[in-house]
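Student: Could you take me through one part of this model in close detail? I'd like to see how the helices pack and what they sit on.

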Amino acid sequence: FPLIMLTALGLAFREESNDASVQVEFDIAEDIRDFTQDVVRGYVVEKSEARVELQLERMDSVVIVGRRQRFRRMYFNLVMNAVDAMSGRKAGAVHVSTVVEDDRVALHVRDDGMGMSPEKIQQLLADRQTLDGEVHSLGFVFVRQTVAEFGGELAIESTIGKGTTITLRLPYLKGKILPPHPSYRNKYRLP
């Protein structure tokens with residue numbers, strides 16, 4: 001199971017390439033549901049020291065434009081950071097939702113982990129290429145870069161001892177509806 005999951009994830013991220021011109025339209029809610037079901041849940045179960053429940057909550061379907069594999073990698077980083085925030089606990093939950101807010105869709109990733117100080121939040125949001133000394137420095141720099149590439153905004157709310165909510169607000173194509181795409185699992189089915 002872990003090797004199959006790792007192989008599927010590797011295939012997906014390798015597909016991204018460095019070609020910034022590969023822009024596609026995709027339904028954010030459908031993509032998160034498929035990717036969570038097919039890849040992310042397995043990693044959460046395997047990686048977490050605690051019993052972590054990954055809950056998809058309100059999932060407003062809207063079409064966004066950008067590099068889909070980059071978006072998935074960013075989402076994966078956010079969820080795994082939330083799981084890491086619950087290390088040392090016996091149980092916890094990561095809540096994911098997409099909610100339309102005027103001309104943006106807000107992707108919320110909320111955990112009930114250890115929380116962050118205001119100083120830590122400022123450090124993560126600082127416009128730097130690296131976050132020296134941080135375990136998740138490359139992951140969060142990647143998140144910031146991806147949000148910028150999608151033309152979005154990033155916000156972090158956190159309370160020490162209660163958890164953190166990371167919110168990405170991304171532009172979407174109003175009125176655009178896409179036909180359902182084949183599931184991630186079918187696309188990367190191994191023999």
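Tutor: Here is a walk around helix 2, its helix partner and the sheet beside them.

This is a predicted model, where local features need pLDDT of at least 70, side-chain atom pairs count only at pLDDT 80 or more, and totals for chains, interfaces and linings use all residues. Residues are numbered from 1 along each chain as its sequence is written, and side-chain values use heavy atoms, with hydrogens and water left out. On pLDDT (the predictor's confidence in each residue, from 0 to 100), the protein chain averages 83, with 77% of its residues at 70 or more.

Let's take the sheet, using DSSP runs numbered from the N terminus: helices are H or I, at least four residues, and strands are E, at least two. Five strands form an open sheet in the order 2-4-5-7-6, with mixed pairing; a pair needs at least two DSSP bridges. Strand 2 (51-59) and strand 6 (153-159) are the edges, each with a single partner strand, so one side of each has no neighbour in the sheet.

Now for helix 2 (residues 28-47): it lies across strand 2, strand 4 (91-101), strand 5 (104-111) and strand 7, at about 175 degrees to strand 2. Axes here are lines fitted to C-alpha atoms, for helices over the stretch in contact, and angles run from 0 to 180 degrees between N-to-C directions.

Helix 2 also packs with helix 3 (residues 68-84) at about 40 degrees, their axes 10 Å apart. Contact (heavy atoms within 4.5 Å) involves, among others, Phe35 and Tyr43 of helix 2 and Phe71 and Phe76 of helix 3.
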